[in-house]
Amino acid sequence: MDKEKQTMILTDRQGHPISDNQHIRTIGNRGPSTLENYHYIEKISHFDRERIPERVVHARGAGAHGYFEAYGKVGNEPVSTYTRAKLFQEAGKQTPVFVRFSTVVHGGYSPETFRDPRGFATKFYTEDGNWDLVGNNLKIFFIRDPLKFPDMVHAFKPDPVTNLQNPEKMFDFVSNSPEATHMITFLFSPWGIPANYRQMQGSGVNTYKWVNQEGQAVLVKYHWEPLKQGMKNLKQKEAEDIQAKHISHATQDLFEAIERGDYPEWELCVQMLSDDEHPELDFDPLDPTKLWDHEKFPFLPVGKMVLNKNPENYFAEVEQAAFGTGVLVDGLDFSDDKLLQGRTFSYSDTQRYRVGTNYLQLPINAPKAHVATNQRDGQMTLMVDRAPEQNPHVNYEPSSLGGLKEASPSGKEHQPQYNAKLVREKISRTNDFGQAGDTYRKFEDWERDELILNLVDALKICKPIIQEKMIGYFMNADPDYGRRVSEGLAQANVDSAHLGSASNKDGAEMAEHSGKRTDGY
């Protein structure tokens, strides 16, 4: 048999050729099976373990490969003025990327039409190692303190008793978290349901820093702006019509666009501020519930991204892709954004639990740059991260016996200075409602109409105390905003005996009264 035909022979994981993949061994063709059915036992045991723990958030996702091409400038200035990160320095320089899009709250097989923030996570395989830019389609977030994150997700997830989605739980949390008013304004508008993954924007959400050769830093926010494909959002009714036909429309749209050569493109823009407290602003620039006004702090293009290759295996690439906000390269740094600081521990920690200790050795996560560490062993070790000339006996540093050496600094280290008490306090400039009102007034009429419709539909099953708090927040944002929600709720047909949303109840009743009875078989 020639070599090409030999490679097409089915084997087991031990490399044993399989001559019968249709029948287990039994005593006679009707008799019991025996314990030495090795091929079957190996096959079914692996099948039983094909799923890894689902992401607690961002479980439903799609992904693609591509490249990032730098402009060499930030706006009209040399990018080196502000950052020494190598991937940005040369015009035309391309860096491989992998992007995972996702919905946030719902499970792995949930409809992609649900009202939900969308994840937009990009892994840059740079020459200095990986950089993960982990964000969402919306440019702000519900909370500013990471201590609230587990409670927020619990409130947004299905009820622990009924396992039904219940907006009363969500609004119970939100009505006691006034900083969420701005995000709720976006989420219940058409921006809460992007038409697909290709036609949505992305944002790093948190504030980061750029650091130049002299160790000087500026505050930055990252934004992905769709280029040729534009942006498009859905009304609730449009989303429901799509969901009636397809729960994976966005995954299919992305895959088929790339297959036909219609490669989606985004431009990466940054906003920059000097690295200080900015007392002239009525909010703290480190607050992730706030936008930096793009008219005052313009979007400055630094490069573009093209997605031009679909995954060859969904599980190996999309499901096992692991991102972390702490994965930065030289020239990029953290700000003191509290939510960013909390995410930076949590993201990498959850990947070690979900995928495994050596998740960074998987091809989708492994850097394309040189890797040499003294980390060893752990479950599913694929290789030893050893340098070619490294003494294999030396798995520590420092050493004089042929071990790894520290790298030379590539520039002056950024050294922020602190002089304050260690406290448990919220930031001084919260301004929880100002930008929510600005956003409401900037919406087009149809977007405001859709926002009010969606809020009333969700809030009408909530208890009066929750409704009253939310109306108060909306009034603080804009009197017209609060008035319209209040009037909508006053006119709504409310059924206090509910489980989950009004639309859930409608669906259950439709199912009960639809179809024809049967006597079975």
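**Figure 1. Pairing of strands β1 and β4 in the predicted model.** In this predicted model, strand β1 (residues 61-70) runs antiparallel to β4, and nine bridges connect the two. One position in this pairing is phenylalanine 68, which stands opposite threonine 95 of β4. Strand β4 spans residues 94-103 and is mostly covered, with eight of its ten residues buried. Phenylalanine 68 itself counts as buried, because its relative accessibility is 0%.

**Figure 2. Strand β5 and its two partners, β4 and β6.** Strand β5 (residues 118-126) pairs with β4 in the antiparallel sense over seven bridges. Within that pairing, valine 97 has phenylalanine 124 of β5 as its bridge partner. Strand β5 also runs antiparallel to β6, and eight bridges join these two strands. Here glycine 119 has asparagine 136 of β6 as its bridge partner. The connection from β5 to β6 is a hairpin through two residues. Strand β6 (residues 129-136) is mostly covered, and eight of its eight residues are buried. As background to this view, side chains in a regular strand alternate between the two faces of the sheet.

**Figure 3. Aromatic contacts between strands β1 and β5.** A search of the whole structure finds 24 aromatic pairs. In the pair of phenylalanine 68 and phenylalanine 124, the ring centres are 5.5 Å apart and the planes meet at 80°, so the pair is edge-to-face. This pair links distant parts of the chain, with phenylalanine 68 in strand β1 and phenylalanine 124 in strand β5, 56 residues apart. Phenylalanine 124 has a relative accessible area of 0% and is therefore buried. Both residues also belong to one aromatic cluster, whose members include Phe68, Phe88, Phe101, Phe120, Phe124 and Trp131. Among the other members of this cluster are Tyr197, Tyr208, Trp210, Tyr222, Trp224 and Trp266.

**Figure 4. Aromatic pair between helix α5 and the loop from α10 to α11.** The 24 aromatic pairs found in the whole structure are represented here by another example. The rings of phenylalanine 186 and phenylalanine 443 have centres 6.0 Å apart and planes at 85°, so this pair is edge-to-face. Phenylalanine 186 lies in helix α5 (residues 181-187) and phenylalanine 443 in the loop between α10 (434-442) and α11 (445-459), so the pair ties together parts that are 257 residues apart in sequence. Phenylalanine 186 and phenylalanine 443 are both buried.

**Figure 5. The largest cavity and its lining.** The structure contains one cavity of 30 Å³ or more. The largest cavity holds about 90 Å³ of space. Its lining includes Val57, Val104, Val105, Asp116, Pro117 and Asn136. Also among the lining residues are Phe141, Phe142, Phe149, Met152, Val153 and Phe156. Helix α3 (residues 149-156) gives the most to this lining, with four residues. By class, the lining divides into ten nonpolar residues, one polar and one charged. Asparagine 136 of this lining is also the bridge partner of glycine 119 in the pairing of β5 and β6.

**Figure 6. Two buried cysteines.** Cysteine 269 has a relative accessible area of 4% and is therefore buried. Cysteine 462 likewise counts as buried, because its relative accessibility is 5%. The structure holds zero disulfides.

**Figure 7. Tyrosine 353 and proline 53.** Tyrosine 353 is found in helix α9 (residues 338-354). With a relative accessible area of 62%, tyrosine 353 is exposed. Its C-alpha lies 8.4 Å from that of proline 53, while the two residues are 300 apart in sequence.

**Figure 8. Backbone exceptions in the loops.** Most residues other than glycine have a negative phi, and most peptide bonds are trans. The peptide bond from glutamate 397 to proline 398 is cis, with omega near 10°. Proline 398 is found in the loop between α9 and α10. Asparagine 431 lies in the loop between α9 and α10 and has a positive phi, near 40°. This asparagine 431 is partly exposed, with a relative accessible area of 27%. Asparagine 163 has a positive phi of about 60° and lies in the loop between α3 and α4 (167-175). Asparagine 163 is exposed, at a relative accessible area of 59%.

How values were computed. Residues numbered from 1 in each chain as written. Predicted model: local features only at pLDDT ≥ 70, side-chain atom pairs only at ≥ 80, totals over all residues. Heavy atoms only, no water. Buried < 20%, exposed > 50% of the residue type's maximum accessible area, 1.4 Å probe, protein only. Pairing = 2+ DSSP bridges. Disulfide = S-S within 2.5 Å. 1 Å grid on protein atoms, 1.4 Å probe; cavity = no way out; pocket = protein on both sides within 12 Å on 5 of 7 lines; lining within 4 Å. Points joined across faces, edges and corners; volume = space filled by probe spheres on them. Nonpolar A, V, L, I, M, F, W, Y, C, P; charged D, E, K, R; others polar. Phe/Tyr/Trp six-rings, centres within 6.5 Å; stacked < 30°, edge-to-face > 60°.
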